[in-house]
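Visitor: I am new to this structure and should like to understand the terms used for it. Please take me through the reasoning behind them.

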Amino acid sequence: MRWPSLRSRGRRRVPATFPDAWRRLLRRELPWWATYGPAERARLEALVLAFVRRTRFEASRGFAVDPAMEVLIAAQACVLLVGLELDEFPETRTVIVHPTTVVLRGRRSAGGRLETSAPLLLGGQAHYRGPVLLSWSQVRRDLRFPQRGQNVVMHEFAHHLDMLDGVVDGTPPIDDPVAHERWVRVCTAAYERVAAGEESPLRSYASVGPGEFFAVATEAFFCTPSELRAGEPALYEELVAFYGQDPASRQLACTA
Ligand SMILES: [Zn+2]
């Protein structure tokens with residue numbers, strides 16, 4: 001895939017208004033762009049500009065992160081915010097981009113009392129009040145094939161929404177106690193179905209735990225919304241209520 005040559009910027013030279021070059025990039029590369037009306041596009045543009053302005057993008061292992069990559073990562077993260085009363089991801093200001101796979105080294109738990117030091121290969125990772133790590137090859141693949149129902153940027157930033165109340169438990173902040181109770185009940189039932197191996201529009205990684213369930217459900221909600229609505233209608237409605245968007249009522253531009 002060829003990326004347009006956007007004018008490079010220094011760390012403090014983010015444009016004051018949304019550049020036409022960014023708009024052309026998103027129109028061409030972001031599957032959600034064509035599904036939004038003028039008001040939602042304006043909201044997304046404002047969110048992307050603020051995200052690029054406040055986020056420090058770092059490249060791993062000699063990789064170079066260009067402005068187009070920054071805009072495309074910001075735009076996918078900000079799709080989650082379009083219908084929320086939230087203008088930023090307050091707990092993270094750093095995105096570290098790896099060229100291919102994110103490789104984590106060092107000792108870690110392998111379950112129970114077991115430990116391992118084998119390298120761990122990931123498409124991305126979110127840290128509580130810390131950076132988001134992303135594999136650029138995974139990001140690019142997800143943009144090309146949204147119908148696969150996976151999006152590593154949305155996955156990791158969904159974790160950050162989950163973290164806003166201080167715990168990663170698959171429940172982002174929901175103030176209304178009735179809505180909160182319903183969310184937990186619906187998500188627990190859907191989680192138990194996927195954990196039991198029943199047929200589900202969610203990939204099996206959702207069964208790793210409630211936190212992963214919410215992140216995987218978020219990916220499906222935005223990437224394969226019609227399938228999610230057909231297979232898990234109650235879960236779909238909870239996500240509509242939380243995110244303030246109804247993606248299944250729109251048509252994704254990219255169906256390749
Ligand atoms: Zn995850």
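Guide: This is a predicted model. We may begin with helix H5, residues 152–163, which holds both His-155 and His-159. These two histidines are four residues apart, about one turn of the helix.

Visitor: What makes His-155 count as buried or exposed?

Guide: The relative accessible area of His-155 is 6%. Buried means under 20%, so His-155 is buried. His-159 also has a relative accessible area of 6%, and therefore it is buried by that cut-off.

Visitor: Which atoms are the protein donors of the zinc ion?

Guide: They are NE2 of His-155, NE2 of His-159 and two OE atoms of Glu-212, lying 2.1 to 2.6 Å from the zinc ion. In sequence, the spacing of the donor residues is H-x3-H-x52-E.

Visitor: Why is the arrangement of the four donor atoms around the zinc ion called irregular?

Guide: The donor atoms subtend angles of 54 to 142 degrees. A tetrahedral arrangement needs all angles between 85 and 135 degrees, and square planar needs opposite donors over 155 degrees apart. The angles of 54 to 142 degrees satisfy neither, so the arrangement is irregular.

Visitor: What makes H3 oblique to H5?

Guide: The axes of helix H3, residues 67–79, and H5 come within 8 Å and cross at roughly 55 degrees. Roughly parallel requires an angle under 35 degrees, and roughly perpendicular 65 to 115. An angle of roughly 55 degrees falls in neither class, which makes H3 oblique to H5. The crossing is right-handed.

Visitor: Which residues of H3 and H5 meet?

Guide: Ile-73, Gln-76, Ala-77 and Val-79 in H3 meet Val-153, Met-154 and Phe-157 in H5.

Notes:
Residues numbered from 1 in each chain as written. Predicted model: local features only at pLDDT ≥ 70, side-chain atom pairs only at ≥ 80, totals over all residues. Heavy atoms only, no water. Donors = N, O, S within 2.8 Å, 3.2 Å for Na, K, Ca; no water. Tetrahedral: all angles 85-135°; square planar, octahedral: opposite > 155°, others 65-115°. Buried < 20%, exposed > 50% of the residue type's maximum accessible area, 1.4 Å probe, protein only. Axes fitted to C-alpha atoms, helices over the stretch in contact; angles between N-to-C directions. Parallel < 35°, antiparallel > 145°, perpendicular 65-115°, else oblique. Left-handed = near helix turned anticlockwise from the far one by under 90°. Contact = heavy atoms within 4.5 Å.
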